[in-house]
Amino acid sequence: MLKMTPSQCRAARALVAMSQDRLAEASGVAKRTIASFEKEDHQPYNRTIAALCAALEAAGVEFIQENGGGPGVRLRK
């Protein structure tokens, strides 16, 4: 299972122009939880990360696992 980092979450939202509010609606995760995660104040449960990833993937984001160059995100073709 991919462990999304706070930086990946911020970058993924930026790629698809998705606000924290929209991500909260799409994922069912509280905006406060998203903000706290992105500020690296709190590490959510795995199921929460999975819900965020699923919502971002549905919006067109592809997560890139660490491959020596660090984890990343890109738009899916």
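Me: Is Glu-62 buried, exposed or partly exposed?
Reply: This is a predicted model, so we're going by computed values here. Glu-62 has a relative accessible area of 27%, and the middle class runs between the 20% and 50% cut-offs. That makes Glu-62 partly exposed.

Me: Which side chain does Glu-62 meet in a salt bridge?
Reply: Glu-62 sits in strand E1, residues 61-64, and the pair links distant parts of the chain. The other end is in strand E2, residues 72-75, twelve residues apart. With an N to O distance of 2.5 Å, the partner is Arg-74.

Me: And what relative accessible area does Arg-74 have?
Reply: Arg-74 is in strand E2. Like any residue between the two cut-offs, 20% and 50%, Arg-74 counts as partly exposed because its relative accessible area is 43%.

Me: How many salt bridges does the count come to?
Reply: The rule asks for a side-chain nitrogen of Lys or Arg within 4 Å of a carboxyl oxygen of Asp or Glu. Glu-62 with Arg-74 passes at 2.5 Å, and Lys-31 with Asp-21 passes at 3.5 Å. The count comes to four.

Me: Which helices does the salt bridge between Glu-38 and Arg-13 tie together?
Reply: The two side chains meet at 2.7 Å, N to O. Glu-38 lies in residues 31-38 and Arg-13 in residues 6-15, so the pair ties together parts that are 25 residues apart in sequence. Those helices are H3 and H1.

Me: Are Glu-38 and Arg-13 buried or exposed?
Reply: For a residue to count as buried, its relative accessible area has to be under 20%. Charged or not, Glu-38 falls in that class, and so does Arg-13: buried.

Me: How far apart in sequence are the parts tied together by Lys-31 and Asp-21?
Reply: Their closest N and O atoms are 3.5 Å apart, which gives a salt bridge. Lys-31 lies in helix H3 and Asp-21 in helix H2, residues 20-27, so the pair ties together parts whose separation is ten residues.

Me: Which of the classes, buried, exposed or partly exposed, does Lys-31 fall in?
Reply: The window to check is 20% to 50%. Lys-31 comes in at 38% relative accessibility, and its partner Asp-21 has 42%. So Lys-31 counts as partly exposed.

Me: What covers the buried residues of H3?
Reply: The residues in question are Ile-34, Ala-35, Ser-36, Phe-37 and Glu-38. One of these, Glu-38, has a salt bridge to Arg-13, which lies in helix H1. The cover includes H1, H2 and H4.

Me: Just after H3, which residue takes a positive phi?
Reply: H3 spans residues 31-38, so the place to look is just past that stretch. The phi there is about 65 degrees, and the residue is Glu-40.

Me: Which residues is Thr-48 in contact with, leaving aside its neighbours within four places in sequence?
Reply: Thr-48 lies in helix H4, residues 46-58. At 16% relative accessibility, Thr-48 counts as buried. Its contacts are Val-29 and Thr-33.

Me: Which element gives the largest share of the largest nonpolar core?
Reply: That core has 18 residues, and those with the most contacts inside it include Leu-52, Leu-56 and Val-61. H1, H2, H3, H4 and E1 each supply at least two residues. The largest share is five residues, from H4.

Me: Leaving aside neighbours within four places in sequence, which residues does Val-61 contact?
Reply: Val-61 is among the core residues with the most contacts inside it. Contact here needs heavy atoms within 4.5 Å. On that basis, the list is Ala-12, Val-16, Leu-56, Val-73, Arg-74 and Arg-76.

Me: Why is there no bond between the sulfurs of Cys-9 and Cys-53?
Reply: Cys-9 is buried at 0% relative accessible area, and Cys-53 counts as buried at 7%. A disulfide needs the sulfur atoms within 2.5 Å. The sulfur of Cys-53 is the closest cysteine sulfur to that of Cys-9, but it's too far for a bond, at 7.8 Å.

Me: Over which ring does the charged end of Arg-47 sit?
Reply: The distance cut-off is 6 Å from the ring centre. The charged end of Arg-47 is 4.6 Å from the centre of its ring, and that ring belongs to Tyr-45.

Technical notes
Residues numbered from 1 in each chain as written. Predicted model: local features only at pLDDT ≥ 70, side-chain atom pairs only at ≥ 80, totals over all residues. Heavy atoms only, no water. Lys NZ or Arg CZ within 6 Å of the ring centre and 35° of its normal. Helix = DSSP H or I, 4+ residues; strand = E, 2+ residues; numbered from the N terminus. Buried < 20%, exposed > 50% of the residue type's maximum accessible area, 1.4 Å probe, protein only. Core = buried A, V, L, I, M, F, W, Y, C linked by side-chain atoms within 4.5 Å.
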